[in-house]
Amino acid sequence: MELKWMKRNFTHCLLSVLFTSACSTTTTNLPSPLPRVVSAPVDDKAYDYVRDMQSAFEKKFFIERDFKGKECNIHLTMSKEGVIGDEMQAEGYKPLCDAALKAFRSADIPPAPDNETYERFKSVTVDIKP
């Protein structure tokens, strides 16, 4: 039970760090540099997959001026093929959440590279903080 919580927490933290860094730039249509320090050990497949998801999201997400300083937390599920589930849950600043949901729905998320990576990312919460 504790290991499952740790894996979920690690995944949430990794996605939060990467997507928050993605939103910190003023030009979201270009890939943002990934953070240099991640507090938990990251295997290359997981890191690469998050980077690929982040890039797909960034291509569809544009930061509006009024999003600065606002937050949105989105819980989503996805298939092994990278298809985002229809029932995403969003909490936070509604215009930011709406834009992020739209971006996730239209993003070309790549398939998970293997079963282990898929299991880590099939149900995640992403923090969006421009």
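How many bridges join S1 to strand S3 (residues 123–128)? Six, with the two strands running antiparallel. The model is predicted, and this report goes through its confidence, its strands, helix H2, Asp114 and a few loop positions.

**Overall make-up**

The protein chain contains four helices and three strands. Along the sequence their order is α-α-β-β-α-α-β. Of the 130 residues, 39% are buried. The chain exposes about 7700 Å², and carbon and sulfur atoms supply 52% of that area. Contacts reach across the sequence: among those between residues at least 6 apart, 76% join residues at least 24 apart.

**Confidence**

The mean pLDDT of the protein chain is 77. A score of at least 70 is reached by 67% of the residues. Among the elements, helix H1 (residues 2–23) has the lowest mean, 50. Strand S2 (residues 89–92) has the highest, 96. Over residues 1–7 the pLDDT is below 50, and this stretch has zero contacts in the model beyond near neighbours in sequence. Residues 21–41 also stay under 50. For that stretch the model does have contacts beyond four places in sequence, 39 in number. Where pLDDT is low, the predicted coordinates should not be read in detail.

**The strands**

Strand S1 covers residues 72–77. S1 pairs with S2 in the antiparallel sense, over four bridges. One residue pair here is His75 with its bridge partner Gln89 in S2. S1 is also joined to S3, by six bridges. On that side, Asn73 stands opposite Asp127 in S3.

The two faces of S1 are unlike in cover. Cys72, Ile74 and Leu76 form the covered face. Asn73, His75 and Thr77 form the uncovered one. His75, with its partner in S2, and Asn73, with its partner in S3, both belong to the uncovered face.

**Helix H2**

H2 runs over residues 44–60. Does its length agree or disagree with the expected span? At 1.5 Å a residue, its 17 residues should span 24 Å; the end C-alpha atoms are 25 Å apart, which agrees.

The buried residues of H2 are Ala46, Tyr47, Tyr49, Val50, Met53, Gln54, Ala56, Phe57 and Glu58. An α-helix has 3.6 residues a turn, so residues three or four places apart point the same way. The buried set includes Ala46, Tyr49, Val50, Met53 and Phe57. Ser55 also lies in H2. Ser55 is partly exposed, because its relative accessible area is 21% and the buried class ends at 20%.

**Asp114**

Where does Asp114 sit? Its place is the loop between helix H3 (94–106) and helix H4 (115–121). Asp114 counts as buried, because its relative accessibility is 19%, and buried means under 20%. The side chain of Asp114 makes a polar contact with the side chain of Lys45, at 2.6 Å. The Asp114 side chain also reaches the backbone nitrogen of Glu116, at 3.3 Å. Leaving aside neighbours within four places in sequence, Asp114 is in contact with Lys45 and Lys80.

**Loop positions and pairs distant in sequence**

Gly82 lies in the loop between S1 and S2. Is Gly82 buried or exposed? At 7% relative accessibility, Gly82 counts as buried. Not counting residues up to four places away in sequence, Gly82 touches Tyr49, Ile109, Pro110 and Pro111. Of these, Tyr49 is among the buried residues of H2.

The loop between H2 and S1 holds Gly69 and Arg65. Gly69 counts as exposed, at 71% relative accessibility. Arg65 is exposed too, with a relative accessible area of 80%.

Each of these residues has a listed partner farther along the chain. Ala107 serves as the partner of Ser55 and of Gly82.

| Pair | Separation in sequence | C-alpha to C-alpha distance |
|---|---|---|
| Ser55 and Ala107 | 52 residues | 9.0 Å |
| Gly82 and Ala107 | 25 residues | 9.5 Å |
| Gly69 and Tyr93 | 24 residues | 9.9 Å |
| Arg65 and Pro130 | 65 residues | 9.5 Å |

Note on methods. Residues numbered from 1 in each chain as written. Heavy atoms only, no water. pLDDT = per-residue confidence, 0-100. Contact = heavy atoms within 4.5 Å. Expected span 1.5 Å × (residues − 1). Buried < 20%, exposed > 50% of the residue type's maximum accessible area, 1.4 Å probe, protein only. Polar contact = N/O pair within 3.5 Å; in protein donor to acceptor, adjacent residues only side chain to side chain. Pairing = 2+ DSSP bridges. Areas by Shrake-Rupley, 256 points an atom, 1.4 Å probe, with all protein chains shown as cover.
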